Structures are given as structure tokens and as C-alpha cells.
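I set out to record, entry by entry, what I looked up in this structure. The entries follow below.

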Amino acid sequence: MANAAECHGGGNEPRRVLEFYSGIGGMRYSLMRAGVKAQVVEAFEINDRANDVYEHNFGHRPFQGNIQCLTAADLDSYGADAWLLSPPCQPYTRQGLQKDTGDARAFSFLQILELMPFLLKPPSLLFVENVVGFETSDTHAKLIEILDRTNFVTQEFILSPLQFGIPYSRPRYFCLAKRKPYSFVNEVWNRQLIQSPRPLYEHFHTAVIEDDSSQEDRHKLLQSCQPIESFLELKNPSNNIEVESATSLTGLSNGNPRTLGEGDDDVCDTSQQYYVPLSLVERWGSAMDVVYPDSKRCCCFTKSYYRYVKGTGSLLATVQPKKRDKASLKEQCVRYFTPREVANIHSFPEDFKFPDHISLKQRYALLGNSLSIAVVAPLLQYLFTTNL
């Protein structure tokens, strides 16, 4: 085996990539951030609004037909070296019905897996992203069985943006697979489920298999993250104000949010839609996850964020209380994170934009279905690096 790690495939030609369930382009942005020499030859996505966003940013509209209609010959025709897949998570999510292979939303992914043994030009690399819980599903068992049968070796991960310095608690499952004779840089992690990013950065040939997650000091992990304020577009000028009353400082006594700052009417006008009315704070405050600009953690934003205030993602306090507790929530002028801020926390680049016709609720839903580029980019860099 060669000592030097090389970009997978070598040569001057970019690696040909198929992007399944492409959404708003998080996987493609991850590929770009990874610095991999690759060309997305086709993307596949059924959601029309997601395709509008993808086309707006990349100038290419994904194939919008039913993936279940694809044949082995269709897939062979692309001559793709790598497949990147982020299939629907609803069949496996803890808050769903967990119907697994019996869920219609799992059928297209299962169909793709079933086609792999019949391909004349199978991919050399495969990447799958999904929710935690997928690793115990029947679909996962089917994935591993087919990968074994088609001569792939796997390394699996459960990782969160918190482990990459991002103040975002969103653990996800990842499967990285290489078809022989290609191999991972460090083969000692083969067939392992790893909960540490160590293998992504340690290019060595021997290692001790261990579960780093059980040894990590959570406090130190959080302290290594950037503060929430680094990801905000609407800054909070009132962080040092001592709260006197909900009426005088929040302006929410009649359900109307206060402005963000004096002499900044444009910002105030556009930001009002993000504030949570006092009626909702009073009703659901005990169930809200409220964070502050100096916080080092926020909860996962789901596709239902902005539609509901309970269990769909963190909310931001824009007024600093004397004491950070649930009793003072009414005085903290709580607001939703803006779509741009959610995109920032997902590590989307600054030039990522939504077309004007995408509504606010649609933006939140599309972002909630996306992925963390800060996590996926180093995984793809690791996947595309190999020893031959």
C-alpha cells in the first residue's frame, strides 16, 4: 500500500458525482468547501421549491422526476465515480412513526440500493447522511448488506456540529463507503461506528479503537464553540440593559414587538416579524429553548421552525435579563433566528441566497431539511482521500 494519501482517483479529470435528494444544495456546498476536485453531473430532488433555490445558486435545476423510475442503465449512463445521498429522515426520526422500510418515503432509497448489484459502472465512493436512529433501522441493515455484497468497505460516524466548533446541537449519522481496491487512509476504523471526528484529521496507519464521545468533557466541548453572536445578522443592542418591565422595554404588551435599536428604522421594520408574541411566551415559555448571544449551544432547527415555538429549535433572547430563567422570559424579547442566521449556523456560504418568491415559512422548512456543511465537508474530504 502506498504511503502517500492522494485525492481519490488521481489524474487531472474531476471526479463525476451524482447528488441524490439534493435539497437546497448543502451537499454540493460541502463538496466545494472540502476542496475536492469534483463535478456534479446531476442532482435529483422532488421538491419544486428546493429546486428553485438550488437553481438560483448553482445555475442548474436538479432532475425532478421520481427516483424510483431510474433504471440501472440510467445510473450507468452518468458514469459517476461518487454518489452522495441524503434520503428522507422521517421514516427513522424519533419523533415520527418510525415505519422504517414500510414508510413510502424510504422506497426511493431502497430502490437505489436494490439497483447497485446490477450496475455495470458502479460508483467507487458512496456517502449517506441521515438522522440518528437510522443506524438501528432495517434500511441501514439493507444498506450494509448490499454494500458488502458489492465489494464496498464502510466507516460510519455519528457527529455533531458541536465537535467542529459550531454552537449547534444536531447529531447526524453518516456512512462512508469505498469500493475495493480503494481504501480508507486509516483502515483500522473499517466497519466501525465512530462518534469522534478524530479519523478525519489523523492520517496514520495504527490507532486504538475507542469511543471518544464517552470521554469528552461536555463543558470543554461547548467552550470550544464560537458564540451564537458570531452567526447573527440582527445584532442585539440591548444586551447590557437591565430589564424593568415587559411593557417598557419589549413593547409587546399588545403583541407588538419592540424595535431593535434607536435610529435604525429599516432594521426595526424588517425584524418585527421574527419576534415571538407575549401570548406565546406566556403559554409555551416553559417548553422553549432560549439562548443568548454569548451562548455556545443552540438546538436543532427543524422544518417546522417558525410555525411552532415548542420543540422546533432555539429562540434568541434580545434583552439581557438580570437572571436567566424561565420566569423572566416575558422581559427578554424573545425572537426566532432569521433564515440567514439559520443558514449561517448550518455553515452555508455568504453568497447563498433564496429567490425572492420563496416565502419565510418555506425558507425555514428548506433549511430544516438541510445539513451542516461544517460537518459534511471534512467527511467528504476524508472520503475522497485514499491510499492505493
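**Entry 1: Ile345 and its surroundings**

I began with the contacts of Ile345 and set aside its neighbours within four places in sequence; Ile345 is in contact with Ile166, Tyr168, Phe231, Cys298, Phe301 and Phe337. I note at once that the model is a predicted one. Ile345 is found in helix α11. Is Ile345 buried or exposed? I found a relative accessibility of 0%, so Ile345 counts as buried, since the cut-off for that is under 20%. I then looked up a distance to a residue far off in the sequence: the C-alpha atoms of Ile345 and Pro161 are separated by 9.1 Å, with their positions 184 residues apart along the chain.

**Entry 2: the nonpolar cores**

I next turned to the largest nonpolar core, which holds 74 residues. Which members touch the most others? I found Phe127, Phe337 and Leu380. The largest share of this core comes from α13, which gives nine residues. Another core lies apart from it and has 28 residues, including Phe44, Phe109, Ile112 and Leu115. A general rule fits here: in soluble globular proteins, nonpolar side chains tend to be buried together.

I followed Leu380 further. Leaving aside its neighbours within four places in sequence, I listed Met27, Ser30, Leu31, Ala34, Val36, Leu84 and Phe127 as its contacts.

**Entry 3: helix α12**

I looked up which residues of helix α12 (residues 360-368) are buried, and they are Leu360, Tyr364, Leu366, Leu367 and Gly368. I recalled that an α-helix has 3.6 residues a turn, so residues three or four places apart point the same way. Against what do the buried residues of α12 pack? I found α2 (48-58), β11 and α11 (339-345).

**Entry 4: the second largest pocket**

I recorded a volume of about 320 Å³ for the second largest pocket. It is lined by 14 residues, and the closest to its centre are Glu233, Tyr274, Pro339, Arg340 and Arg363. Both α11 and α12 supply at least two residues each to this lining. α11 gives the most, with three residues. By class, I noted seven nonpolar, three polar and four charged residues in the lining of the second largest pocket.

**Entry 5: the cavity**

How many cavities of 30 Å³ or more does a search of the whole structure find? The search finds one. The volume of the largest cavity is about 50 Å³. I listed its lining as Glu129, Leu159, Ser160, Pro161, Arg170, Arg172, Phe174, Leu371, Ser372, Val375 and Val376. Pro161 is thus a residue I had already met, in the distance to Ile345. β7 (172-179) and α13 (373-383) each supply at least two residues of the lining of the largest cavity. I sorted the lining of the largest cavity by class and obtained six nonpolar, two polar and three charged residues.

**Entry 6: Ser328**

I closed with a residue in a loop. Ser328 is found between β10 (315-317) and β11 (334-336). Its relative accessibility is 13%, and Ser328 therefore counts as buried. What does the side chain of Ser328 make a polar contact with? I found the side chain of Asp325, at 3.0 Å. A polar atom of the side chain of Ser328 also lies 2.9 Å from the backbone oxygen of Lys323. Not counting residues up to four places away in sequence, Ser328 touches Pro321 and Lys323.

Conventions: Residues numbered from 1 in each chain as written. Predicted model: local features only at pLDDT ≥ 70, side-chain atom pairs only at ≥ 80, totals over all residues. Heavy atoms only, no water. Helix = DSSP H or I, 4+ residues; strand = E, 2+ residues; numbered from the N terminus. Buried < 20%, exposed > 50% of the residue type's maximum accessible area, 1.4 Å probe, protein only. Polar contact = N/O pair within 3.5 Å; in protein donor to acceptor, adjacent residues only side chain to side chain. Contact = heavy atoms within 4.5 Å. 1 Å grid on protein atoms, 1.4 Å probe; cavity = no way out; pocket = protein on both sides within 12 Å on 5 of 7 lines; lining within 4 Å. Points joined across faces, edges and corners; volume = space filled by probe spheres on them. Nonpolar A, V, L, I, M, F, W, Y, C, P; charged D, E, K, R; others polar. Core = buried A, V, L, I, M, F, W, Y, C linked by side-chain atoms within 4.5 Å.
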